[in-house]
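Got the viewer open? Let's take a short walk through this one, a stop at a time.

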Amino acid sequence: MTDSERLSWTTLNAYVDGELEPDQAARVAAALAHDREAAAQVATLAKLRATVKAASSMPDAPPFVLPQTRPRMARWLPWAAAACLVLFVGAASLGIGQRQSPGSSLSAAVAAHQLWLTQSPPGTAPRLGVELAGAEAGALPDLSLASLRLVHLSLDPSGRRGGGMLAGYVGPNGCRVGLWIAPVEAALPLQPAVQDRDGLLVRAWRGERASYALLGRGIDPARLDGIAALVARITRDEPGVPREQVAALAEARSVGPACVG
Amino acid sequence: MRIIVERALRQNWERLFSYALRLSGSRDRAADLLQSCATKALAAAPPDEDERVRAWLFAILRNIWIDEHRRGEVSASAAEEALEDEQWRHDDRMIAVITVRQALERLEQPYREVIELVDLAGFRYGEAADILGVPVGTVMSRLSRARLLLLNAIEGGSVRPFAARQRKRANEQ
């Protein structure tokens, strides 16, 4: 390597940046002792580097907020949900649910929820064998505001009680909350009301297109009320969720005792 | 894995924003870039070696920016010009915070970017090469070219430190 190569501008930059191998750096240092212009360049580079740092103040960054990432839902679940809804709506349109009494539908909801509670814990549930290509996914309420994710779906196996489906949600601590959706029952109130039975906390109401029951075991009643209010709002297609409702959900989550269901 | 990425994001949040700002030139776009970078990083598997996570984050941010804004322009902008074999004529006394700041604004984006990575973010040449997706030799030549352009811009700039201006005037008289 000649002196001119050894002391090229690019090499001097790497020398100032400490990027040369030790032996190469030593040769450059020795050559600089005899080359005033190269030494002046090194001095300039060192000053330039220091001044660039001084001249570039760090801009005010936005607050450190990480994007919320939800646990991944099994890919089959939205399809299965859509398939169940299609089957459910089909059954309802055939008038299967016209014969039932209000109490019997809630009994079916309780039975479906209790059956789910006896099954394997959320996350290890077997894959549902229902898929429907082309169906609209994500038709069930998104309860992520209440820290609940959809993990389970079941149709009323008999269909004799008017048909219905149970969407099972699980919270961050494994708490299970079931949402029962069945044909409209005129006897139910328009707003979620307490219908506890068989050791389960139940909030039931009716909407325009279906009746709903929210079920949980050992869950804080205030938290269940908050979730029911959220579901009622979502199923009525009301835009947005009031800030105070979100705050109430958060408060119930943090204050209430742990769910045992 | 998520904890490692979260910690790296927290530790480099401001510097990543500075880099995003340097790339995009807009605070809003830089903030969007930063959020996209965090989302993508949290969903991906970081490098096994902890010391590579920081450069990995910068590379993610840069790739998002290229995907969104610069597709098709990168190869052209990264073309390296040969360094001119010119007489050394720079005056250290012209190098000051105000002249450097103004000169940095005038640099073309690929040159500002390499200065941001090496001089400000403190990456080694090899790390900067990984982030930029170029060989180490390209980082060396681009950086030395960037500094030469910076010195030229300082010399030719209209803003000069007061003392240097007085000396220059005295020399001219």
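How many residues does the contact take from chain A and from chain B? Select both sides and you'll have 28 residues from chain A and 39 residues from chain B. Keep in mind as you click around that this is a predicted model.

Stay with the side of chain A that touches chain B. Pick out α2 (9-16) and α4 (36-55) of chain A: these are the elements that give two or more residues to that side. The largest share, 13 residues, comes from α4(A). Now try colouring this side of chain A by residue class, and you should find 15 nonpolar, seven polar and six charged residues.

Next, hide chain A and look at chain B by itself. What is it built from, helices or strands? Chain B has nine helices and zero strands, so to speak a run of α after α from the N terminus on. Of the 173 residues in chain B, 36% are buried. Its contacts reach along the sequence, too: among those between residues at least 6 apart, 73% join residues at least 24 apart.

Last stop: bring chain A back and select strand β1, residues 149-155. Is β1(A) mostly covered or mostly open? Mostly covered, with six of its seven residues buried. Add strand β2 (residues 165-170) of chain A to the selection; six bridges join β2(A) to β1(A), and the two run antiparallel. To see the pairing up close, show A:L150 and look across to A:Y169 in β2(A), which stands opposite. While you're there, follow the side chains: in a regular strand they alternate between the two faces of the sheet.

Methods:
Residues are numbered from 1 along each chain as its sequence is written. Chains are lettered from A and ligands numbered from 1 in the order in which they are written. This is a predicted model: local features need pLDDT of at least 70, side-chain atom pairs count only at pLDDT 80 or more; totals for chains, interfaces and linings use all residues. Two residues are in contact if their C-beta atoms, placed from the backbone, lie within 7 Å. Helices (H or I, at least four residues) and strands (E, at least two) are DSSP runs, numbered from the N terminus. Ala, Val, Leu, Ile, Met, Phe, Trp, Tyr, Cys and Pro count as nonpolar, Asp, Glu, Lys and Arg as charged, and the others, Gly among them, as polar. A residue is buried if 20 or more other C-beta atoms lie within 10 Å of its own, exposed if 12 or fewer, and partly exposed in between; C-beta atoms are placed from the backbone. Two strands pair if DSSP finds at least two bridges between them.
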